[in-house]
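User: I would like to go through this protein and its ligand with you. Please explain each term as we go.

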Amino acid sequence: MSFEELNDAVAQMGERSFRTAQIFKWLHKMQADDFSQMTDLSARLRERLDEQFVIDHLDVVRHLRSKKDGTEKFLFELSDKNHIETVLMEYKHGNSLCISTQVGCKMGCTFCASTIAGYRRDLTPAEMLQQVYTAQKVSGRHIDSIVLMGIGEPLDNFDNVLRFLSLISDSRGREMSLRHISVSTCGIVPRIKELAEKKLGITLSVSLHSAFNERRSEIMPVNRRYPIEELLSACRDYMDKTGRRISFEYAVIKGVNDSPEDAKRLASLLKGFVCHVNLIPVNPIRERSYRSDRGTTAAFAEELHKYNINATVRRTLGADIDAACGQLRREYEI
Ligand code: SAH
């Protein structure tokens, strides 16, 4: 519930409106998981809240911590017994949490473990919030930034993602700055345009993975619907409207998208863009033979640097705990 919806519910219960701020604070600042913890409410009100409402809850099925780099991975069970993954990563600038937005995914990217078993359902805003609150509680670590880069396509669950962004940034609750939140998309063009209109201050990450339509369509079926030219035009529009630069994700796959021609074409497409390219050595998944290594990725980065493209190789975190999208859930559900 938004603050306003909660306020209406409080009024309907015949309670004074200052109760709304108290309850909202308990939910989002103190992250209470039970109404009985809300000790500045009367016992009677706590009981009535408990009769009429639920605070969504995630069960921790597995909690892994990387010995290499401190990355933590959570496999959560939802109330309908579906599973999702959340990853906590430690960077110099603070702790970043990667959350899921759907159970499974419809997009069908061939290198991604999250989409192999298909799509089950969208996550609610509460289930997205609870990934943040539960990960924070269980790890005991403060979360400084959030990336919507876990299982699912955030822009395919647009309304719930917008509600989540509004709830987590509400100044009366968790108050997380939208500047510390990134939303990653495979490129659903109409939604990028809608998002641009909202001028939210989030960082938009676009998963590109190839600069050639034919190849991109092979590995990312969404490209058949929204080809590269349309996608980049939407990105330009997004930058013009929001004044924010875009981050492009590029999973380097040996023999698929890592040739000097790939780099040249990518550089020419991104000419004039104020952007950053994140190169990720593709994370091998069991069902496919895609491979990469740091050498291949570094060579591709060098190629891009020749054209003055701002590209960096993303550090691999949590490799010993299957921390890439969808790997743990897949292993658990098989
Ligand atoms: N659906 C969104 C967000 C989830 S995926 C999107 O497509 O952006 C988050 C990022 O991880 C995307 O860039 C995705 O392409 C990338 N990814 C998925 N599987 C991967 C793998 N096996 N190796 C490297 N990157 C991968």
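Analyst: A residue is near a molecule if one of its heavy atoms lies within 4 Å of it. Around the ligand there are 17 residues, and Phe 111, Ser 184, Ser 207, His 209 and Asn 283 come nearest. This is a predicted model: local features need pLDDT of at least 70, side-chain atom pairs need 80 or more, and totals for chains, interfaces and linings use all residues. Residues are numbered from 1 along each chain as its sequence is written, and side-chain values use heavy atoms, without hydrogens and water.

User: What makes the pair between Phe 111 and the ligand a polar contact?

Analyst: A polar contact is a pair of N or O atoms within 3.5 Å. A backbone N or O atom of Phe 111 lies 2.9 Å from a ligand nitrogen, so the pair qualifies. Gly 152 also has a backbone N or O atom by a ligand nitrogen, at 3.0 Å.

User: How do you know how much of the ligand is covered?

Analyst: Accessible area comes from the Shrake-Rupley method with a 1.4 Å probe. The ligand has 530 Å² on its own, and the protein covers 92% of that.

User: Why are ten residues of domain 1 said to be in contact with domain 2?

Analyst: Contact means heavy atoms within 4.5 Å, so these ten meet that limit with twelve residues of domain 2. The bounds, 3-52 for domain 1 and 59-333 for domain 2, come from an automatic or database domain assignment.

User: What is the buried area between the domains?

Analyst: Buried area is the accessible area that two parts lose on being put together, summed over both. Here it is about 950 Å², 45% of it on carbon and sulfur atoms. Phe 24, His 28 and Gln 31 supply 55% of domain 1's share, more than any other three residues.

How values were computed
Polar contact = N/O pair within 3.5 Å; in protein donor to acceptor, adjacent residues only side chain to side chain. Buried area = accessible area lost by both parts, 1.4 Å probe.
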